[in-house]
Amino acid sequence: MAQSTEQQPARTRDVSDLFSGGRLTAIPRKVARREQLLVHLAQTLFEEGREYSEPKVNEALHTVHEDSSALRRYLITSGLLTRTRDGSCYRRSTTTR
């Protein structure tokens, strides 16, 4: 069992190679790699417990990539961001990964 504990940090692969000059060079096509990116974005761009309007979410995502709407959809689909039924309020999910 000690071996699995030692390997756990290796599971979270660094996403720095996806960025150049602080900007995302491309949204990964592979689901697992994209999920790693989305976790990173959720943790670095959005505070837990804070509410965001859609324009604020887009503004935060636009700081790293021009296709903020695709990133927003991926974050919602993955459950890392939640939104109200009418889409007026977004929050970082409290679910940890």
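The legends below accompany several close-up views of a predicted model.

**View 1. The whole chain, with four helices and five strands.** Followed along the sequence of this predicted model, the helices and strands come in the pattern α-β-β-α-β-α-α-β-β. The protein has 97 residues, of which 34% count as buried. Its exposed surface amounts to about 6600 Å², and carbon and sulfur atoms supply 48% of that area. Among the contacts whose partners have a separation of 6 or more, 48% are between residues that stand 24 or more positions apart.

**View 2. The largest nonpolar core, made up of 21 residues.** Within this core, the residues that touch the most other members are Leu24, Phe46, Val57, Leu61, Leu71, Leu75 and Leu80. Helix H2 (31-45), helix H3 (54-62) and helix H4 (68-77) each supply at least two residues of the core, and H2, with five residues, gives the most. One of the residues listed above, valine 57, can be taken as a point from which to look around: once residues up to four places away in sequence are set aside, valine 57 touches Phe46, Tyr52, Arg72, Leu81 and Tyr90.

**View 3. Helix H4 and the elements that cover its buried residues.** The buried residues of H4 are Ser68, Ala70, Leu71, Arg72 and Leu75. The cover over these residues includes E2, H2, H3, strand E4 (81-83) and E5. H4 lies across E4 and E5, and runs at about 90° to E4. Just after the helix, glycine 79 takes a positive phi of about 85°.

**View 4. Isoleucine 76 of helix H4 and its surroundings.** Leaving aside neighbours within four places in sequence, the residues in contact with isoleucine 76 are Leu81, Thr82, Arg83 and Tyr90. For isoleucine 76 and tyrosine 90, which are 14 residues apart in sequence, the distance from C-alpha to C-alpha is 9.1 Å.

**View 5. An open sheet of three strands in the order E3-E5-E4.** The pairing in this sheet is antiparallel. Strands of a sheet pair through backbone hydrogen bonds, either parallel or antiparallel. E3 and E4 stand at the edges and each has a single partner strand, so one side of each is left without a neighbour in the sheet. Between E4 and E5, which run antiparallel, there are three bridges. To follow one bridge by eye, begin at arginine 83, whose bridge partner in E5 is tyrosine 90.

**View 6. A salt bridge between glutamate 66 and arginine 23.** The structure holds seven salt bridges, and this view and the two after it show some of them. Side chains of opposite charge can pair when their charged atoms come close. Here the closest N and O atoms of glutamate 66 and arginine 23 are 3.7 Å apart. The pair links distant parts of the chain, 43 residues apart, with glutamate 66 in the loop between H3 and H4 and arginine 23 in strand E2 (residues 23-24). Glutamate 66 has a relative accessibility of 54% and therefore counts as exposed, whereas arginine 23, at 30%, counts as partly exposed.

**View 7. A salt bridge between glutamate 48 and arginine 92.** The side chains of these two residues meet at 3.4 Å, N to O. Glutamate 48 lies in the loop between H2 and strand E3 (51-52), and arginine 92 lies in strand E5 (residues 90-92), so the pair ties together parts that are 44 residues apart in sequence. Glutamate 48, with a relative accessibility of 49%, counts as partly exposed. Arginine 92 counts as buried, because its relative accessibility is 17% and the limit for that class is under 20%.

**View 8. A salt bridge between glutamate 51 and arginine 91.** The closest N and O atoms of this pair are 3.1 Å apart. Since glutamate 51 lies in strand E3 and arginine 91 in strand E5, the pair ties together parts that are 40 residues apart in sequence. Glutamate 51 counts as exposed at 51% relative accessibility, while arginine 91 is partly exposed, with a relative accessible area of 30%.

Definitions and conventions. Residues are numbered from 1 along each chain as its sequence is written. This is a predicted model: local features need pLDDT of at least 70, side-chain atom pairs count only at pLDDT 80 or more; totals for chains, interfaces and linings use all residues. Side-chain values use heavy atoms; hydrogens and water are left out. A nonpolar core is a set of buried Ala, Val, Leu, Ile, Met, Phe, Trp, Tyr and Cys residues joined through side-chain atoms within 4.5 Å. Buried means under 20% relative accessible area, exposed over 50%, partly exposed in between (1.4 Å probe, protein chains only). Contact means heavy atoms within 4.5 Å. Accessible areas come from the Shrake-Rupley method with a 1.4 Å probe; for residues, only the protein chains shown count as cover. A salt bridge is a side-chain nitrogen of Lys or Arg within 4 Å of a carboxyl oxygen of Asp or Glu. Two strands pair if DSSP finds at least two bridges between them. Axes are lines fitted to C-alpha atoms, for helices over the stretch in contact, and angles run from 0 to 180 degrees between N-to-C directions.
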